[in-house]
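Reader: I have a protein model open on my screen and no idea where to start. Could you walk me through how to read it?

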Amino acid sequence: MTDQTIIRFDRVTKQYDNDSPVLNDVSFEIERGKFYTLLGPSGCGKTTILRLIAGFIEPSKGNIYFNGHIINNVPANKRQVNTVFQDYALFPHLNVFENVAFGLRVKKLGKADINAKVNEALRFVNLDGYGSREITEMSGGQRQRVAIARAIVNEPEIILLDEPLSALDLKLRTEMQYELRELQRRLGITFIFVTHDQEEALAMSDEIFVLHEGKIQQSGTPIDIYDEPINRFVADFVGESNIIPGRMTQDFVVEFAGKSFECVDQGLNPNEPVELVIRPEDLEITTHSQGKLQIRVESQLFRGVHYEILGFDAEGNKWLVHSTKRAVVGEEIGLDFDPEAIHVMRFNETEEEFDKRLESYSEVGAPHGE
Ligand SMILES: Nc1ncnc2c1ncn2[C@@H]1O[C@H](COP(=O)(O)OP(=O)(O)OP(=O)(O)O)[C@@H](O)[C@H]1O
Ligand SMILES: [Mg+2]
């Protein structure tokens with residue numbers, strides 16, 4: 001824990017009735033002033049974590065700390081936390097100004113104070129002059145901004161955002177991603193953002209927690225998570241991946257698709273079975289003989305910037321390639337890739353073991369000096 005830690009989950013479990021836990025022994029830390037994303041498929045426990053932080057529910061086991069103090073039983077209205085809900089939960093019978101002012105009126109602030117704070121919050125989200133509009137007269141993106149203004153006007157230490165962009169069309173969604181990120185930087189408040197959209201998570205976050213079945217699978221920067229997925233679930237959920245079964249023959253040598261390849265991984269057991277992740281954009285198309293590996297092209301799609309080529313190697317492994325070069329369906333092509341493009345995943349490795357393993361690589365360095 002550092003001085004910057006604002007929220008800490010210490011082995012938190014949440015269980016309803018006698019069902020299996022919705023969150024299972026989850027520990028993490030949130031630092032002040034950063035943008036965090038909880039990423040995972042439907043039902044993995046994202047909203048449950050937000051509800052625990054907001055104080056709408058209590059943990060079954062474990063402790064939640066806020067600025068170093070246990071807050072398990074502190075009621076929601078006593079926490080320095082505001083939530084932006086997925087459906088915004090705005091009051092349809094109140095205008096924009098009154099929606100934003102609501103929390104301040106509950107706190108019985110004076111009229112001049114309320115005016116100043118609400119107008120400042122509206123300015124912050126680019127809704128200057130919209131105060132007297134009815135909520136029903138606002139577009140989806142504008143309602144979203146009202147919901148954010150309503151959260152920031154209370155000057156909370158943390159803002160929780162539960163899939164706030166999911167109702168918007170793709171273009172507006174991308175614009176709002178920039179706006180939200182920029183807003184977080186200007187405010188310097190901790191944002192905890194929930195999404196099941198991996199691209200959104202990669203684009204927006206300082207740090208991502210990837211969740212699956214009530215457990216944090218991996219936490220790290222977007223680049224860490226994309227480049228070094230800890231297991232099959234993360235590799236598959238975050239970005240597109242080739243996941244190929246293989247075997248570590250010795251340090252820096254891995255065998256898959258019936259051949260041996262140089263890699264950057266070390267410290268595994270000799271002949272340990274592993275899975276390899278190679279991202280489609282890390283594969284380069286070559287002539288048949290120049291490739292480290294050969295595949296027969298099964299199908300090809302033009303995706304605008306690149307071709308998406310699908311093929312199979314001699315052992316029947318499926319390969320997805322993103323390339324600006326096109327291939328010919330039915331032909332055999334070669335694939336080239338760097339040793340660094342191969343990411344070795346052990347079965348059942350904990351995040352701690354995984355981090356330690358990766359750290360040891362950068363200390364010792366791989367034989368080819370990268
Ligand atoms: N009050 C409750 N009683 C029993 N089970 C619940 C309750 N609330 C949530 N759950 C269960 O907890 C699990 C996690 O729910 P949660 O809402 O945290 O998922 P989520 O990751 O936010 O999913 P989504 O992306 O669909 O919103 C689900 O299986 C859900 O059915
Ligand atoms: Mg949810």
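Author: Let's go from the whole chain down to single residues. Keep in mind that this is a predicted model.

Reader: OK, the big picture then. How many helices and strands are there in the protein chain?

Author: The chain has nine helices and 20 strands. Its C-alpha trace spans about 80 × 45 × 40 Å along the principal axes.

Reader: And which domains is the protein chain divided into?

Author: There's domain 1, residues 5–227, and domain 2, residues 240–369. Their C-alpha centres are 38 Å apart. You can also look at how far along the sequence the contacts reach. Taking contacts between residues at least 6 apart in sequence, 66% join residues at least 24 apart.

Reader: What about the inside? What percentage of the 370 residues is buried?

Author: Buried residues make up 33% of the 370. The general idea is that in soluble globular proteins, nonpolar side chains tend to be buried together. In this model, the largest nonpolar core has 87 residues, and Val-100, Ala-149, Ile-192 and Val-210 touch the most other members. Helix H4, residues 140–152, gives this core its largest share, six residues. The core also draws at least three residues from each of domain 1 and domain 2.

Reader: Let me zoom in on one of those. Which residues does Ala-149 touch?

Author: Leaving out residues up to four places away in sequence, Ala-149 touches Val-100, Ala-121, Leu-122, Phe-124, Val-125 and Leu-127.

Reader: Now the helices. How do I read the way two of them pack?

Author: Look at the angle between their axes, the distance between those axes, and the residues that meet. Try helix H2, residues 96–106, with H4: they pack at an angle of about 30°, and their axes are 7 Å apart. Angles under 35 degrees count as roughly parallel, so H2 and H4 are roughly parallel to each other. The crossing of H2 past H4 is right-handed.

Reader: Which residues in H2 and H4 meet?

Author: From H2 you have Val-96, Asn-99, Val-100, Phe-102 and Gly-103, and from H4 Val-146, Ala-149 and Arg-150. A handy rule for seeing patterns like this: an α-helix has 3.6 residues a turn, so residues three or four places apart point the same way.

Reader: At what angle do the axes of H2 and H3 cross?

Author: Roughly 130°, with the axes coming within 10 Å. H2 and H3 are therefore oblique to each other. This crossing is right-handed too. On the H2 side, Phe-97, Val-100, Ala-101, Leu-104 and Arg-105 take part, and they meet Ile-114, Lys-117, Val-118, Ala-121 and Leu-122 in H3.

Reader: So which residues of H2 are buried?

Author: Val-96, Phe-97, Asn-99, Val-100 and Ala-101 are the buried ones. What covers them includes H3, residues 111–124, and H4. For another example, go to helix H1, residues 46–54: Lys-46, Thr-48, Ile-49, Leu-50, Leu-52 and Ile-53 are buried there.

Reader: What should I check at the ends of these helices?

Author: Check the backbone angle phi, and its sign in particular. H1 is followed by Gly-55, with a positive phi near 95°. Just after H2, Lys-108 takes a positive phi of about 60°.

Reader: Where is Asp-17 found, and is Asp-17 buried or exposed?

Author: Asp-17 sits in the loop between strand S1 (5–14) and strand S2 (23–31). Asp-17 isn't a glycine, yet its phi is positive, about 50°. With 4 other C-beta atoms within 10 Å, Asp-17 is exposed. You can read Asn-67 in a similar way: Asn-67 is in the loop between strand S4 (61–66) and strand S5 (69–70). Phi of Asn-67 is positive, near 50°, and Asn-67 is exposed, with 12 other C-beta atoms within 10 Å.

Reader: One last loop. What does Ala-314 touch?

Author: Ala-314 lies in the loop between strand S17 (307–312) and strand S18 (318–323). Not counting residues up to four places away in sequence, Ala-314 touches Gly-258 and Gln-294. Gln-294 is 20 residues away along the chain, while the two C-alpha atoms are separated by 7.5 Å. Ala-314 counts as partly exposed because it has 13 C-beta neighbours inside 10 Å.

Notes:
Residues are numbered from 1 along each chain as its sequence is written. Chains are lettered from A and ligands numbered from 1 in the order in which they are written. This is a predicted model: local features need pLDDT of at least 70, side-chain atom pairs count only at pLDDT 80 or more; totals for chains, interfaces and linings use all residues. A nonpolar core is a set of buried Ala, Val, Leu, Ile, Met, Phe, Trp, Tyr and Cys residues joined through C-beta atoms within 7 Å. A residue is buried if 20 or more other C-beta atoms lie within 10 Å of its own, exposed if 12 or fewer, and partly exposed in between; C-beta atoms are placed from the backbone. Helices (H or I, at least four residues) and strands (E, at least two) are DSSP runs, numbered from the N terminus. Domain bounds come from an automatic or database domain assignment. Two residues are in contact if their C-beta atoms, placed from the backbone, lie within 7 Å. Axes are lines fitted to C-alpha atoms, for helices over the stretch in contact, and angles run from 0 to 180 degrees between N-to-C directions. Angles under 35 degrees count as roughly parallel, over 145 as roughly antiparallel, 65 to 115 as roughly perpendicular and the rest as oblique. A crossing is left-handed if the near helix is turned anticlockwise from the far one by less than a right angle, and right-handed if clockwise.
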